[in-house]
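Got your viewer open and a hand on the selection tool? Let's walk through this one stop at a time.

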There are 2 protein chains.
Amino acid sequence: MSRSQTQRRKRIVQTAAALAVRGGVDAMQMRSVAERAGVALGTLYRYFPSKMDLVVAVVTEELDLLEGGIVRRPPTADTAAGRAVDVLLRATLGLMREPELADALVRSLITAEVRIELDTRICDLVWRVATDDLTNLPVGEEVSDAPVDRDSTGYVLIGSLISVWIFELVEVLKGHRDVDEVERRLHITAERLLASF
Amino acid sequence: MSRSQTQRRKRIVQTAAALAVRGGVDAMQMRSVAERAGVALGTLYRYFPSKMDLVVAVVTEELDLLEGGIVRRPPTADTAAGRAVDVLLRATLGLMREPELADALVRSLITAEVRIELDTRICDLVWRVATDDLTNLPVGEEVSDAPVDRDSTGYVLIGSLISVWIFELVEVLKGHRDVDEVERRLHITAERLLASF
DNA sequence: CGGCTTTGTAGAATTCGTTCTATATTCGTC
DNA sequence: GACGAATATAGAACGAATTCTACAAAGCCG
């Protein structure tokens, strides 16, 4: 991909993110994005074959920031459950600063076909936090050096915890739950799920 | 609501369900539903202000059937975890018979504002199964006689298990997971979550 | 009965994702 | 430096949810 293409792509994603921050996914209309990014609608669709792809791209950037924050200040609790909850809670608070984007994240995690790029990434992050293996986590790069056994019982349990977290996130976004309650529930759940870590 | 209105409503939901079974939510177009149910588009929108409301109505009926099946043949495993997994697995298999509707169910659980009508109902059902309290479960009626403490630790844990189940369902629907794998994962998770039951 | 509100009908209009068409531009290659 | 393929552009067109408008039918109530 050429320089100008990378530029264009970045410009599109940034424009989309800006629109999504106010107004959410609905405000992020393909026409507006194309217009404000200074590309033709057809071009936008060349880069992102569907709106969902664009949403995923936006959300992936958001996730980069989150990951960066975690790596900068790793959680210090002395149990795996404590550290995992810490990470998830920080993620929750971070996402709540842009509820519209958070909504997009959640929705894309569930709807999009792109599970390998988001779901797995979150799982791997929490896995590393839980197992206290945060030393070799690159910042902007692929996170794929340590051989994580994604079928192990432990990884399944982390996956379950992530599922629970995402649902709590959904409830918060719907306004049915506050963050304190989420913390309580994540604690209760994580203590059981990660007791053997 | 008058007799003819109840009739109309039922006719709409049945038509919608029929369309959804083949072709899924996409095939369940508001115009088609209105046309085949013999009502005007405006009328359809009077009964169901958005497509999502219609989907939820369809899915709620589906849930009735599921609940009925569970009550007819309650699970017999001798641990709470075993019984819970049994129910969820049966639900999974049942839903897999109409993948398009299952998809609608999952999506509505997450997207729709109607959490109280579906999520809670599933939780209550599993709660009763887990605590072996299936005697007083009416069939087509409200399930609200026994005072379930929805803030108790136990209920939170059931909720977490449901979250995990829904995610597994999503994965199955995406074709990323088979039912055996779901069973394995639910077992692993439920054993931890419900150990203290 | 006669009027009034509610409910229903028919169908046009709007919105937004997505696709299509026709034309222009860019870029690697000879 | 010119040719051809890939890429961009402008904008029309399409499909489906949703909304709007104008009118008809059904109920209710005095």
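The tour below goes from the DNA strands to the helices and then to the core.

**Before you click**

This is a predicted model, in which local features need pLDDT of at least 70, side-chain atom pairs count only at pLDDT 80 or more, and totals for chains, interfaces and linings use all residues. Residues are numbered from 1 along each chain as its sequence is written, chains are lettered from A and ligands numbered from 1 in the order in which they are written, and side-chain values use heavy atoms, with hydrogens and water left out.

**Stop 1: DNA strand D**

Select DNA strand D and show what is near it (a residue is near if one of its heavy atoms lies within 4 Å). You should get 17 residues, with T43(A), Y47(A), Q29(B), Y45(B) and K51(B) the closest. Which parts of the strand face the protein? Of the strand D atoms within 4 Å of the protein, 70% are sugar or phosphate, and the rest belong to bases.

Now zoom in on the polar contacts (pairs of N or O atoms within 3.5 Å; within protein, one must be able to donate a hydrogen and the other to accept it, and residues adjacent in sequence count only if both atoms are side-chain atoms). The side chain of K51(B) puts an N or O atom 2.6 Å from a phosphate oxygen of strand D. For the side chain of Q29(B), the distance to a phosphate oxygen is 2.9 Å, and for that of Y45(B) it is 2.9 Å.

Next, colour by helix; helices here are DSSP runs (H or I, at least four residues), numbered from the N terminus. At least two residues of the surface near strand D come from each of α1 (3-21) and α4 (41-47) of chain A, and α3 (30-37) and α4 (41-47) of chain B. The biggest giver is α4(A), with three residues. By class, that surface has seven nonpolar, five polar and five charged residues. Here Ala, Val, Leu, Ile, Met, Phe, Trp, Tyr, Cys and Pro count as nonpolar, Asp, Glu, Lys and Arg as charged, and the others, Gly among them, as polar.

**Stop 2: DNA strand C**

Switch to DNA strand C, which has 16 residues around it; the closest are Q29(A), K51(A), R8(B), T43(B) and Y47(B). Sugar or phosphate accounts for 62% of the strand C atoms within 4 Å of the protein. Pick out R8(B), with a polar side-chain atom 2.5 Å from a phosphate oxygen, then Q29(A), where the distance is 2.8 Å. At A40(B), a backbone N or O atom lies 3.1 Å from a phosphate oxygen of strand C. Here α4(B) supplies the largest share of the surface, three residues.

**Stop 3: helix α3 in both chains**

Select α3(A) and look for its buried residues (buried means under 20% relative accessible area, with a 1.4 Å probe and protein chains only). They are M30(A), S32(A), V33(A), A34(A) and A37(A). Their cover includes α1, α4 and α5 (51-72) of chain A. Just after the helix comes G38(A), with a positive phi near 70°.

Hop to chain B, where S32(B) sits in α3. Is S32(B) buried or exposed? S32(B) counts as buried because its relative accessible area is 19%. Leaving out residues up to four places away in sequence, S32(B) touches L19(B) and A37(B) (contact means heavy atoms within 4.5 Å).

**Stop 4: helix α10 of chain B**

Select residues 179-193 of chain B, which form helix α10. The 15 residues should span 21 Å at 1.5 Å a residue (the expected span is 1.5 Å times one less than the number of residues). The end C-alpha atoms are 20 Å apart, which agrees. Buried residues in α10(B) include E181(B), R185(B), L186(B) and L193(B). Elements from both chains help cover them, including α9 (153-174) and α10 (179-193) of chain A, and α6 (80-96) and α9 (153-173) of chain B.

**Last stop: the core**

Finish in the largest nonpolar core, a set of 135 residues in which W165(A) and W165(B) have the most contacts. A nonpolar core is made of buried Ala, Val, Leu, Ile, Met, Phe, Trp, Tyr and Cys residues joined through side-chain atoms within 4.5 Å. Centre on W165(A): beyond its neighbours within four places in sequence, W165(A) is in contact with L88(A), A91(A), T92(A), L95(A), I122(A) and L186(A).

Conventions:
Buried < 20%, exposed > 50% of the residue type's maximum accessible area, 1.4 Å probe, protein only.
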